[in-house]
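Colleague: I should be grateful for a close look at a single part of this model. Please describe one loop and its surroundings in a way that a first-year student can follow.

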Amino acid sequence: MRRVAIILILTFVLATPALAASQEASQEQAAAWDKVVLDYYDGKYGASEEYDQDYVNISDWVILDVDSSELEAQAREEIAVKEQELAEIERQVGELQERYDYFHSLMQSVEDEDYKKELESLVQDAEKALNDAQKEAESMQSEIQGLQEEEYLTQIAVAKAEIKFGGNVLGTMTQREDLFVNPETGEMLDAATAKEYAEVNEYLSEQPQVDQQTYHHETVGLFFLVIGLGGWWLVNRKL
């Protein structure tokens, strides 16, 4: 009996982190996020006669606790590599600046027109190489700054959307997709950002897998069934 009690206690303790890793959103949160998603779909599909907001079904929102430590470590490594690359580019910029200054000063000091034209061509080449290197350095600085300013999430809200198109006139197409929201801001997240977190991928892998797009042609099938029965009735009547 004592052994059973110990096992039950250990099971509860081990299961607690998994249970604490997710929670259902409140009704207020879910309603707000549903509106954000519906506004997004209205903007994306609103011009299509095949789309109707009433045909959108959004599942319950689940809030996942996510760990960004691995992503932050990867970012630090990437920053270190890019800083080394930037140092090399800046060294090249310095050399190209010296080369440009030399040819530019020399061109201004000579009086021979033919020699001046040759130097002018060298100056233009040096200026182009310098500008290209400076742009590359600026681009690298921007990438480093972006990595340094990257904000990592502690929670991500997940739901599934099912959108029907076609209005059951000549059959319908149902599209299903995963939805992601930043609970802190209430803004939608793109799938690539959300799926950087291991907890999101683990959660999605545990959900029932369904086709992203399903086509239904029940109405079309019924149409041909009616035509077939009508033809059979006419043939029998003539016989």
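**The loop between S5 and S6**

Modeller: Of the 239 residues of the chain, 26% count as buried; the model in which this was computed is a predicted one. The chain has seven helices and seven strands, and from the N terminus on these elements run α-β-α-β-β-α-α-β-β-β-α-α-β-α.

The part chosen here is the loop that joins strand S5 (172-182) to strand S6 (187-188), where glutamate 184 is found. Asparagine 182 belongs to strand S5. Because its relative accessibility is 11%, and buried means under 20%, asparagine 182 counts as buried. The side chain of asparagine 182 nevertheless has a partner in the loop: it reaches the backbone nitrogen of glutamate 184 at 3.0 Å.

Glutamate 184 itself has a relative accessible area of 73% and is therefore exposed, the cut-off being over 50%. Glutamate 184 also takes part in a negative surface patch, which is formed by Glu149, Glu150, Glu151, Glu184, Asp190 and Glu196.

Glycine 186 lies in this loop between S5 and S6 as well. With a relative accessible area of 17%, glycine 186 is under the 20% cut-off and so is buried. The C-alpha atom of glycine 186 is separated by 7.6 Å from that of alanine 32, although the two residues are 154 residues apart along the chain.

To draw this together, the loop holds both an exposed residue, glutamate 184, and a buried one, glycine 186.

Note on methods: Residues are numbered from 1 along each chain as its sequence is written. This is a predicted model: local features need pLDDT of at least 70, side-chain atom pairs count only at pLDDT 80 or more; totals for chains, interfaces and linings use all residues. Side-chain values use heavy atoms; hydrogens and water are left out. Patches are made of residues with over 30% relative accessible area and no salt bridge: like charges are joined within 9 Å, nonpolar side chains (Val, Leu, Ile, Met, Phe, Trp, Tyr) within 5 Å. Accessible areas come from the Shrake-Rupley method with a 1.4 Å probe; for residues, only the protein chains shown count as cover. A salt bridge is a side-chain nitrogen of Lys or Arg within 4 Å of a carboxyl oxygen of Asp or Glu. Lys and Arg count as positive and Asp and Glu as negative; His and the chain ends are not counted. The place of a charge is taken as NZ of Lys, CZ of Arg, CG of Asp or CD of Glu. Helices (H or I, at least four residues) and strands (E, at least two) are DSSP runs, numbered from the N terminus. Buried means under 20% relative accessible area, exposed over 50%, partly exposed in between (1.4 Å probe, protein chains only). A polar contact is a pair of N or O atoms within 3.5 Å; within protein, one must be able to donate a hydrogen and the other to accept it, and residues adjacent in sequence count only if both atoms are side-chain atoms.
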